[in-house]
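I open a notebook page for this chain and write down what I look up, in the order I look it up.

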Amino acid sequence: MDQSHWPYPNAINEDCSRFAKCQKAVVIGRRVGSTMSTAGPKTTAVAASSQPEPGRSRPDRAKWSDRLRLLLRALAGLGPFALTFSTYSLLLDHLPEEWFSQDWLRYVFAVVIALCAGLLLRLILQPKKIGAGDLGSAKVPEARQSVENDHGTLPEIFDGTRRRLLHDYRCRQRGDTEVCGWSQFYGDDVPPSAIGSSYGLRIAMALDVRDVTVERHRVIESILAMQRPGGGWSASNQREVGRPEVTAWVLGALVPAGLSRAVRQRLVGTLERMLDEERDPDGMRSTCVVTSAVSTLARFAPDSPLLPDLVDRLTRGTAGGDRDRPRWAATLGDKRSTGSVPHTARAIVALHRVAAVLPERRELSEQARAAAEWVCESFDLGIQDEQIRRKYNDEVDALLVYHFTPAWVARALLLEGHEPLRSTQLKEAVRAVVRSQERGIWRWRDREPIWMAYQGVSVLRDVALRARAPMY
């Protein structure tokens with residue numbers, strides 16, 4: 001499960017009216033993932049208010065346009081096969097038999113040439129991918145260039161997420177205690193978990209869910225009751241000991257949802273005790289663990305004595321490659337790796353968060369900016385997973401972490417601002433986030449992760465609040 005800390009968890013709660021206005025100004029009347037417009041607010045307003053041409057409505061024209069595009073794609077996909085077959089037949093009919101000492105050689109020669117012709121046509125028709133050398137000259141798609149428009153409007157996506165969240169809320173017995181909340185995956189017939197419930201709380205706060213079905217105080221009490229012996233939290237498939245990454249993820253939801261100062265300080269102290277090289281050497285070498293801890297401490301305990309050392313550990317733990325383009329791998333300081341996009345995006349988010357509370361560390365913002373340049377150059381939006389493995393007595397404690405890469409990239413580039421170099425990559429990342437869902441439900445490997453839903457809606461919410469023009 002890919003648990004994360006996003007910079008604006010309470011944007012909706014703090015200013016609901018602003019959010020509603022932004023929703024109306026940006027997305028009403030537009031299909032998410034459709035028009036990629038670079039026009040300003042004035043141009044957008046004119047386009048939204050213009051009347052459709054007589055004879056056929058815009059949705060009908062868009063539908064037939066999409067069907068025609070799909071038909072042309074299908075025909076283009078058949079091209080290599082047709083060329084292969086026709087080349088093979090042509091060669092058999094016209095190759096002189098005296099060229100070959102054996103008749104079967106003529107058939108082999110025809111097959112090889114036909115396959116080469118088909119593969120060459122396939123390469124010619126294959127869409128060009130954006131590479132590092134194309135970034136400087138890449139053009140921002142114009143308003144007339146559209147993509148699939150069947151992903152719903154932003155209010156429809158949020159409404160689907162909200163309804164799924166309310167439907168999956170449950171109260172079950174967990175041992176001797178009744179706990180309320182959510183599981184890590186929607187639809188799992190299991191009692192609520194600490195991680196699932198914490199991300200359910202995040203969604204409820206992000207979308208300002210005030211339905212009486214969800215009793216937030218009971219969810220908070222349930223999460224506190226699910227702590228491991230000794231304090232803190234861990235995933236259900238980990239051992240009976242609290243882990244810093246999971247504790248940091250859970251704190252990211254509990255504190256904004258409402259904790260007393262005494263409880264918050266106690267839980268922060270528990271997290272700090274876990275961040276010990278001798279106690280958890282494997283975890284302290286993990287980029288995921290360290291970035292999660294840095295983000296949480298910077299947000300809820302900026303005066304923590306551990307924060308400067310953790311930041312130094314992160315900044316020194318870059319992967320191999322160009323020093324002017326810092327990047328991170330799954331393991332801190334892995335010089336054999338050329339870098340990982342999701343781990344680098346995680347590091348960018350953590351550096352931005354800590355730079356806000358340590359203004360004297362100007363190099364943090366500079367390193368984050370240079371890392372964002374590398375993300376744009378690499379621009380790999382593939383979803384990844386990793387195992388954080390630890391030794392626990394004579395056994396192995398393993399946590400499987402999923403990285404929703406498009407959401408992480410979008411978050412990192414949003415923090416870097418809307419600069420021309422990154423605008424195309426930011427839009428592509430947001431498109432990928434939108435295309436990963438259907439009716440507000442994000443799916444991955446035939447499952448519906450609640451953490452993925454939170455990351456998706458938080459990215460789309462921040463885009464709507466911060467973008468002057470539609471980004472999807």
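**Entry 1: nonpolar cores.** I looked up the largest nonpolar core of this predicted model, and it has 105 residues. Inside this core, the residues with the most contacts are Trp233, Leu254, Trp442 and Leu460. I then asked which helix supplies the largest share of the core. That is helix α17, residues 450-466, with ten residues. I also noted a second core, separate from the largest one, made of five residues. Leu92, Leu95, Phe100 and Ala110 are among them.

I listed the partners of Leu460, leaving out residues up to four places away in sequence. Leu460 touches Leu154, Ile157 and Phe158, then Val430, Val433 and Val434, and also Trp442.

**Entry 2: whole chain.** I counted 17 helices and six strands in the chain. The chain has 472 residues, and 51% of them count as buried. I took the contacts with a separation of 6 or more and asked how many link residues 24 or more positions apart. The share is 67%.

**Entry 3: Glu386.** I located Glu386 in strand β3, which covers residues 384-392. Which side chain of opposite charge is nearest to Glu386? I found Arg346, at 5.8 Å. A salt bridge requires a nitrogen-oxygen pair within 4 Å, so I recorded Glu386 as buried and without a salt bridge.

I next checked polar contacts of the Glu386 side chain. One goes to the side chain of His343, at 2.6 Å. Another goes to the side chain of His403, at 2.9 Å. Both histidines appear again in the contact list of Glu386, together with Cys288, Ala330, Leu399, Leu400 and Val401. That list leaves out residues up to four places away in sequence.

**Entry 4: helices α11 and α13.** I compared the length of α11, residues 287-300, with the expected span. The helix has 14 residues, and its first and last C-alpha atoms are 20 Å apart, close to the 20 Å expected at 1.5 Å a residue. I find 13 of the 14 residues of α11 buried. What caps the N-terminal end of α11? Ser286 does, with a side-chain oxygen 3.3 Å from the backbone nitrogen of Cys288.

I repeated the length check for α13, residues 341-357. Its 17 residues should span 24 Å at 1.5 Å a residue, and the end C-alpha atoms are 25 Å apart, so the two values agree. α13 is also mostly covered, with 15 of its 17 residues buried.

**Entry 5: Arg447.** I placed Arg447 in the loop between β6 (441-442) and α17. Is Arg447 buried or partly exposed? The relative accessible area is 36%, so Arg447 is partly exposed. I then looked along the chain: Phe185 is 262 residues away from Arg447, yet their C-alpha atoms are separated by 6.7 Å. Leaving aside neighbours within four places in sequence, Arg447 is in contact with Phe185, Asp188 and Trp442.

**Entry 6: salt bridges.** I counted 28 salt bridges and wrote down three pairs.

- Glu215 and Arg218 meet through their side chains, 3.6 Å from N to O. Glu215 is partly exposed because its relative accessibility is 30%. Arg218 is partly exposed as well, at 24%.
- Arg313 and Glu277 form a salt bridge at 2.8 Å, N to O. This pair links distant parts of the chain: Arg313 lies in helix α12 (residues 307-316), and Glu277 lies 36 residues away in the loop between α10 (261-274) and α11. Arg313 counts as partly exposed at 24% relative accessibility, and Glu277 counts as partly exposed with a relative accessible area of 33%.
- Arg461 and Asp462 form a salt bridge with the closest N and O atoms 3.1 Å apart. I found both Arg461 and Asp462 buried.

Last, I looked for salt bridges that share partners. Such bridges join Arg164, Asp168, Arg170, Glu438, Arg443 and Glu448 into one network.

Key
Residues numbered from 1 in each chain as written. Predicted model: local features only at pLDDT ≥ 70, side-chain atom pairs only at ≥ 80, totals over all residues. Heavy atoms only, no water. Helix = DSSP H or I, 4+ residues; strand = E, 2+ residues; numbered from the N terminus. Buried < 20%, exposed > 50% of the residue type's maximum accessible area, 1.4 Å probe, protein only. Lys, Arg positive; Asp, Glu negative; His and termini not counted. Polar contact = N/O pair within 3.5 Å; in protein donor to acceptor, adjacent residues only side chain to side chain. Contact = heavy atoms within 4.5 Å. Core = buried A, V, L, I, M, F, W, Y, C linked by side-chain atoms within 4.5 Å. Expected span 1.5 Å × (residues − 1).
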